[in-house]
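I opened this file to see how the chain is put together and which residues sit inside it. The entries below are in the order in which I looked things up.

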Amino acid sequence: MDAEAVSAALSPGALAPPIAKTLGLPAEAVQVALEQLAAGAQPAFLVHHRPDTIKGLTIRDLERIQAQAARNAAFEFKRQEVAVE
């Protein structure tokens, strides 16, 4: 498995555009949300304590972004696994 390729594919900058398109949300807001979530923040924390950083996203939006990012990560790991075989 190519760790650099996986890391690049799972960076907030790489994940944000396809997730934003899939969910119909602004790409910039999705990227900021992904960065905050990757840093360990939870959706409820962001909505209640950091509303200025999430650019108007709701808790439901954040949960959908988090779930889609997890699906994309699982897909990327599987894709790398198959590529190695």
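These notes go from the whole chain to the helices, then to the core and to single residues.

**Entry 1. Whole chain.** I note at the outset that this is a predicted model. I counted secondary structure and found five helices and zero strands. Along the sequence the pattern reads α-α-α-α-α. I took the extent of the C-alpha trace along its principal axes, and it spans about 45 × 25 × 15 Å. The chain has 85 residues, and 32% of them are buried. I then looked at contacts with a sequence separation of 6 or more: 52% of these join residues 24 or more positions apart.

**Entry 2. Helix 3.** I checked the length of helix 3 first. Its twelve residues should span 16 Å at 1.5 Å a residue, and the end C-alpha atoms are 16 Å apart, so the two values agree. Next I listed which of its residues are buried: A29, V30, V32, A33, L34 and L37. I asked what covers the buried residues of helix 3. The cover includes helix 2, helix 4 and helix 5. After helix 3 comes G40, and I recorded its phi as positive, near 110°.

**Entry 3. Helix 5.** I ran the length check on helix 5 as well. With 26 residues at 1.5 Å each, a span of 38 Å is expected, and the end C-alpha atoms lie 38 Å apart, so this helix agrees with expectation too. Its buried residues are D61, L62, I65, Q68, A69, N72, A73, E76 and Q80. I kept the spacing rule in mind while reading that list: an α-helix has 3.6 residues a turn, so residues three or four places apart point the same way.

**Entry 4. Helix 3 against helix 5.** At what angle do helix 3 and helix 5 pack? I read about 75° between helix 3 (residues 27–38) and helix 5 (residues 59–84), with the axes 10 Å apart. Angles of 65 to 115 degrees count as roughly perpendicular, and the two helices are therefore roughly perpendicular to each other. On the helix 3 side the contact is made by V30, A33, L34 and L37, and on the helix 5 side by L62, I65, Q66 and A69. I sorted these contact residues by type and got seven nonpolar, one polar and no charged.

**Entry 5. The core.** I looked up the largest nonpolar core, which has 18 residues. Those with the most contacts inside it are I19, V30, L34, L57 and I65. Helix 2 (12–23), helix 3 and helix 5 each supply at least two residues of this core. I followed L57 outward, leaving out residues up to four places away in sequence, and found that L57 touches L25, A29, A33, V47, L62 and I65.

**Entry 6. Two glutamines of helix 5.** Q68 is in helix 5, and I wanted to know whether it is buried or exposed. Q68 has a relative accessible area of 13%, so it is buried. Beyond its neighbours within four places in sequence, Q68 is in contact with I19 and T22. Q80 lies in helix 5 as well, and I logged it as buried because its relative accessibility is 9%. I also took a distance from Q80 to A3: they are 77 residues apart in sequence, and their C-alpha atoms are 9.2 Å apart.

**Entry 7. Partly exposed residues.** I looked at F77, which lies in helix 5. Its relative accessibility is 38%, so F77 counts as partly exposed. F77 and A27 are 50 residues apart along the chain, with 23 Å between their C-alpha atoms. P18 is in helix 2 and is partly exposed, with a relative accessible area of 41%. From P18 to V30, twelve residues apart along the chain, I read a C-alpha separation of 9.8 Å.

**Entry 8. K55.** Where is K55 found? I placed it in the loop between helix 4 (43–49) and helix 5. K55 is partly exposed, with a relative accessible area of 41%. I flagged its backbone: phi of K55 is near 55°, a positive value in a residue other than glycine.

Terms used: Residues numbered from 1 in each chain as written. Predicted model: local features only at pLDDT ≥ 70, side-chain atom pairs only at ≥ 80, totals over all residues. Heavy atoms only, no water. Axes fitted to C-alpha atoms, helices over the stretch in contact; angles between N-to-C directions. Helix = DSSP H or I, 4+ residues; strand = E, 2+ residues; numbered from the N terminus. Parallel < 35°, antiparallel > 145°, perpendicular 65-115°, else oblique. Contact = heavy atoms within 4.5 Å. Nonpolar A, V, L, I, M, F, W, Y, C, P; charged D, E, K, R; others polar. Core = buried A, V, L, I, M, F, W, Y, C linked by side-chain atoms within 4.5 Å. Buried < 20%, exposed > 50% of the residue type's maximum accessible area, 1.4 Å probe, protein only. Expected span 1.5 Å × (residues − 1).
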